[in-house]
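Colleague: I am a first-year student and would like to go through this structure with you, one question at a time. Could you reason each answer out for me?

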Amino acid sequence: MLEDRAYRAVWEAAPDAMLIVDQDGLIRDLNPESLSMFGWSREELEGSPVDRLVPDAVRGRHAKHRQHYGKAPRSRPMGQGLELRAVRKDGATFPVEISLSPAEVGPGLEHVICTIRDITNLKRIRGLARMKLMAAENERKHLSRELHDEYLQFLVAFKIRGKLLVNETDRKERERAWAVIADEILSAIQGVKQMIRGLRSPKLESRGLVSALASLFRDTRKVHGVTIHARVNLDWVADELDPTTVLVLYRIVQEAVTNAVTHARVSEAAVRVSTRDGMIVAEIRDEGCGFELPGPGAEPDGHVGLVGMRERAELVGGSLTVRTSPGKGTTVRATVPMVGPDGAQW
């Protein structure tokens, strides 16, 4: 059987915050992780109400729940779907999972052992997973609309024109009909090529980042009528970058330009890509309608593209910031390390 000293060692080494709370809701003991998680000293927390670790907005309700629990204490494991939040000494709140276990820590002394786990990163991962699913679903919907509205309709029209052509006896009319069909086929081919370029960039694979970006900007003007004022100053660096970094940069610029074209309601936008102190900085700016950014900690519903760009930047050790507000335009700024094919950073 473990001695008290061994139990204490386990208590001190626990990776989760652990509190012992008495029947009056006062903290009687706590482990080192509790101090690290909440930012208080042992002297400040020991003997104080456990309610101080709950945000002001729900503190009164928490006290009632605690009193109700004290009348019929029972074990409550973590991960039961409860949306709980705790508050640090500096006032910052964060999501937690909490397990409760009633225990006698002395003769006739009923206490509750509270185990608290910070799930900030877990919620972020879950949020990103939801965003990935949404992004994949949105892409499927986009492809479905494109195939239905453009190419399915073309095939139906092609079938009708073909049937009419079989019965056409006038040579000139047949030639004219063939010319119309040829033009429509060419248009469909160009549309499919444009769709393929949106999914993958052959020029990125064969000719590199600078050429692929130039092609992206030209296509944006041809297809959407939006002029991209670009200044890409990568010199020799573009040919010496890790392929993952190249792909991340291209996709971030592509997504930001697409957002400007489809949402900002502008006729032009500016793109700047340059190197600075071992980093590559890509800035995409428009003077369009802008939008309201979700607040800190809020779920970025409707901004799947922003989540995807930020995730891509973080994938290679970079960062992404967005400055925007309704009527004030939008600036997307991505910063990623200059990493070579061997994984070494400049």
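Modeller: Gladly, and please keep in mind that this is a predicted model. We can begin with a pocket, since helix 4 gives the most residues to the lining of the second largest pocket.

Colleague: How many residues does helix 4 give to that lining, and how do the residues of the whole lining divide by type?

Modeller: The second largest pocket holds about 1,000 Å³ of space. Of the 38 residues that line this pocket, those closest to its centre are H62, H65, R66, R76 and L100. The elements that give two or more residues to the lining include helix 4 (56-71) and strand 4 (93-106). Helix 4 gives nine residues, and the whole lining divides into 20 nonpolar, nine polar and nine charged.

Colleague: Which residues are linked with D29 in a network of salt bridges?

Modeller: D29 forms a salt bridge with R8, with the closest N and O atoms 2.6 Å apart, and because D29 lies in strand 2 (residues 27-30) and R8 in helix 1 (residues 4-13), the pair ties together parts that are 21 residues apart in sequence. D29 also forms a salt bridge with R42, where the closest N and O atoms are 3.3 Å apart, and R42 in turn forms one with E46, at 3.9 Å. The network that contains D29 also links R8, E12, R42 and E46.

Colleague: Is D29 buried or exposed?

Modeller: A residue counts as buried when its relative accessible area is under 20%. R8, at 34%, is partly exposed, and R42, at 23%, is partly exposed as well. D29 has a relative accessibility of 12%, so D29 counts as buried.

Colleague: What span should helix 8 have, and how far apart are its end C-alpha atoms?

Modeller: Helix 8 covers residues 209-224, which makes 16 residues. The expected span is 1.5 Å times one less than the number of residues. For helix 8 this gives 22 Å, which agrees with the distance between its end C-alpha atoms, also 22 Å.

Colleague: Which residue follows helix 8, and what is its phi?

Modeller: Within helix 8, the buried residues include L209, L213, L216 and F217. After the helix comes a residue whose phi is positive, near 70 degrees, and this residue is G225.

Colleague: How many disulfides does the structure hold?

Modeller: A disulfide needs two cysteine sulfur atoms within 2.5 Å of each other. C114 is buried, because its relative accessibility is 9%, whereas C289 is partly exposed at 24%. The number of disulfides in the structure is zero.

Methods: Residues are numbered from 1 along each chain as its sequence is written. This is a predicted model: local features need pLDDT of at least 70, side-chain atom pairs count only at pLDDT 80 or more; totals for chains, interfaces and linings use all residues. Side-chain values use heavy atoms; hydrogens and water are left out. On a 1 Å grid over the protein atoms alone, a cavity is a set of points where a 1.4 Å probe fits but cannot get out, and a pocket is an open set with protein on both sides within 12 Å along at least five of seven lines; lining residues have an atom within 4 Å of a point. Grid points are joined across faces, edges and corners, and a volume is the space filled by probe spheres set on the points. Helices (H or I, at least four residues) and strands (E, at least two) are DSSP runs, numbered from the N terminus. Ala, Val, Leu, Ile, Met, Phe, Trp, Tyr, Cys and Pro count as nonpolar, Asp, Glu, Lys and Arg as charged, and the others, Gly among them, as polar. Buried means under 20% relative accessible area, exposed over 50%, partly exposed in between (1.4 Å probe, protein chains only). A salt bridge is a side-chain nitrogen of Lys or Arg within 4 Å of a carboxyl oxygen of Asp or Glu.
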